[in-house]
Amino acid sequence: MGHKRHQIITEDGSSTLRIDDLKETYHSRHGAVLESDFVYLKEGLEFWLDQHPNQSCRILELGYGTGLMTYLTYLKSQKEKLEIEYVSLEAFPLSSAEIQTLNYEQFFQNDVVSHLFSTFNQLPWEQKEALTSHFNLTKKEIKFEDFTFEFSFDLIFYDAFGFHAQPELWSEQCMSRCYELLNPKGVWVSYCAKGSVRRGLEKAGFETFRLPGPPGKREMLRAVKH
Ligand SMILES: C[S@@+](CC[C@H](N)C(=O)[O-])C[C@H]1O[C@@H](n2cnc3c(N)ncnc32)[C@H](O)[C@@H]1O
């Protein structure tokens with residue numbers, strides 16, 4: 001994925017990267033932070049926590065990208081004292097120079113944090129880092145398809161590029177892999193609402209839910225393993 005990327009400012013004022021060749025952005029143009037919060041924290045983590053109050057949560061993210069989603073989860077964990085083990089996979093890491101073009105440090109300047117956004121960018125790959133007493137992060141440079149795990153997860157943030165850019169990541173085979181990676185009652189969540197993805201999830205064994213999407217998107221998907 002040696003495509004050229006450049007920064008754009010989204011509608012909530014937070015930035016993201018765009019790949020013109022793929023007609024893809026790393027987050028929604030309608031708000032990078034807004035979308036990430038809505039899809040993954042509200043409809044993913046908060047939903048899981050409602051069913052499992054006061055339990056620690058193991059989250060798997062595909063893919064790490066800019067690190068924004070990882071950082072938002074860390075902020076939530078810090079504010080609400082949530083115990084989180086976070087593993088994020090990335091096949092094509094961005095360079096530090098690209099990540100430094102993003103305005104997240106400014107965007108989160110009023111948050112009281114133990115770690116700035118830039119810290120996340122500097123963390124080594126393949127190493128588990130205890131960032132606070134309740135937030136562990138492991139960034140892994142690997143393709144989702146090649147990832148093997150020593151434990152299973154409670155929640156998957158499936159944040160791949162869109163179907164038109166990477167159809168292989170939305171295949172029935174990948175959805176089955178997600179099913180295997182989750183604990184019983186585990187939750188898969190994504191901004192994607194495509195019918196074929198939903199059917200793939202159901203074939204894999206999930207119960208699926210079409211939910212109202214974030215601003216600018218009619219629908220999104222959540223899937224639960226029973
Ligand atoms: C929509 S972006 C993720 C944005 C990210 N969650 C964030 O907050 O910045 C999709 C990411 O998946 C990565 N990716 C593409 N193919 C992958 C694969 N096979 N396995 C893991 N990551 C992959 C891309 O390089 C890209 O960083």
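This briefing walks through the sheets, the ligand shell, the nonpolar core and a few backbone details of the structure above. Please keep in mind that the model is predicted. Two open sheets are described here: one has eight strands with mixed pairing, and another has three strands with antiparallel pairing. A ligand is surrounded by 21 residues, and the largest nonpolar core holds 52 residues.

**The eight-stranded sheet**

- Reading across this open sheet, the strand order is β6-β7-β5-β4-β8-β9-β11-β10, and the pairing is mixed.
- β6 (128-132) and β10 (207-212) are the edge strands, each pairing on one side only.
- From one strand to the next, the twist averages 20°.
- At the β10 end, this edge strand pairs with strand β11 (residues 219-224) in the antiparallel sense, over six bridges.
- For a handy landmark in that pairing, look at Thr 208, which stands opposite Ala 223 in β11.
- β4 and β5 run parallel and are joined by six bridges.
- Within β5, Val 87 is the bridge partner of Leu 60.
- Helix α2 lies across β4 (57-62), β5, β6, β7 (135-141) and β8 (153-158), and runs at about 175° to β5.

**Strand β4, seen from both sides**

- Strand β4 is mostly covered, with six of its six residues buried.
- On one side, the buried residues are Cys 57, Ile 59 and Glu 61.
- On the other side, Arg 58, Leu 60 and Leu 62 are buried, so both faces of the strand are covered.
- Just past this strand, the peptide bond from Leu 62 to Gly 63 is cis, with omega near -10°.
- Gly 63 itself lies in the loop between β4 and α2, and it is also among the closest residues to the ligand.

**The ligand shell**

- Of the 21 residues around the ligand, the closest are Gly 63, Gly 65, Thr 66, Met 69 and Ala 91.
- Two elements, α2 (68-80) and β5 (84-90), each supply at least two residues of this shell.
- By residue class, the shell divides into twelve nonpolar, five polar and four charged residues.

**The nonpolar core**

- Among the 52 residues of the largest nonpolar core, those touching the most other members are Ile 59, Leu 155, Ile 156, Phe 157, Tyr 158, Cys 178 and Trp 188.
- Helix α1 (residues 32-51) provides the largest share of this core, with seven residues.
- As background, nonpolar side chains tend to be buried together in soluble globular proteins.
- Take Ile 156 as an example: setting aside neighbours within four places in sequence, its contacts are Leu 60, Cys 178, Leu 181, Leu 182 and Trp 188.

**Tyr 86 in β5**

- Tyr 86 is located in strand β5.
- Tyr 86 counts as buried because 25 other C-beta atoms lie within 10 Å, and the cut-off for buried is 20 or more.
- Beyond its neighbours within four places in sequence, Tyr 86 is in contact with Ile 59, Thr 70, Thr 73, Phe 135, Asn 136 and Leu 137.
- Tyr 86 and Phe 149 are 63 residues apart along the chain, and their C-alpha atoms are separated by 13 Å.

**Positive phi outside glycine**

- Glu 126 is not a glycine, yet it has a positive phi of about 70°.
- This glutamate is placed in the loop between α5 (117-122) and β6.
- Glu 126 counts as exposed because it has 9 C-beta neighbours inside 10 Å, where the cut-off for exposed is 12 or fewer.
- Lys 185 is not a glycine either, and it has a positive phi of about 70°.
- Lys 185 is found in strand β9 (residues 182-190).
- With 12 C-beta neighbours inside 10 Å, Lys 185 also counts as exposed.

**The three-stranded sheet**

- This open sheet has the order β1-β2-β3, with antiparallel pairing.
- Its edge strands are β1 (5-9) and β3 (24-25), each of which pairs on one side only.
- Strand β2 (residues 15-19) pairs with β3 in the antiparallel sense over two bridges.
- Ile 19 has Glu 24, in β3, as its bridge partner.

Key: Residues are numbered from 1 along each chain as its sequence is written. This is a predicted model: local features need pLDDT of at least 70, side-chain atom pairs count only at pLDDT 80 or more; totals for chains, interfaces and linings use all residues. Two strands pair if DSSP finds at least two bridges between them. Helices (H or I, at least four residues) and strands (E, at least two) are DSSP runs, numbered from the N terminus. A residue is near a molecule or strand if its C-beta atom, placed from the backbone, lies within 6 Å of it. Ala, Val, Leu, Ile, Met, Phe, Trp, Tyr, Cys and Pro count as nonpolar, Asp, Glu, Lys and Arg as charged, and the others, Gly among them, as polar. A nonpolar core is a set of buried Ala, Val, Leu, Ile, Met, Phe, Trp, Tyr and Cys residues joined through C-beta atoms within 7 Å. Two residues are in contact if their C-beta atoms, placed from the backbone, lie within 7 Å. Axes are lines fitted to C-alpha atoms, for helices over the stretch in contact, and angles run from 0 to 180 degrees between N-to-C directions.
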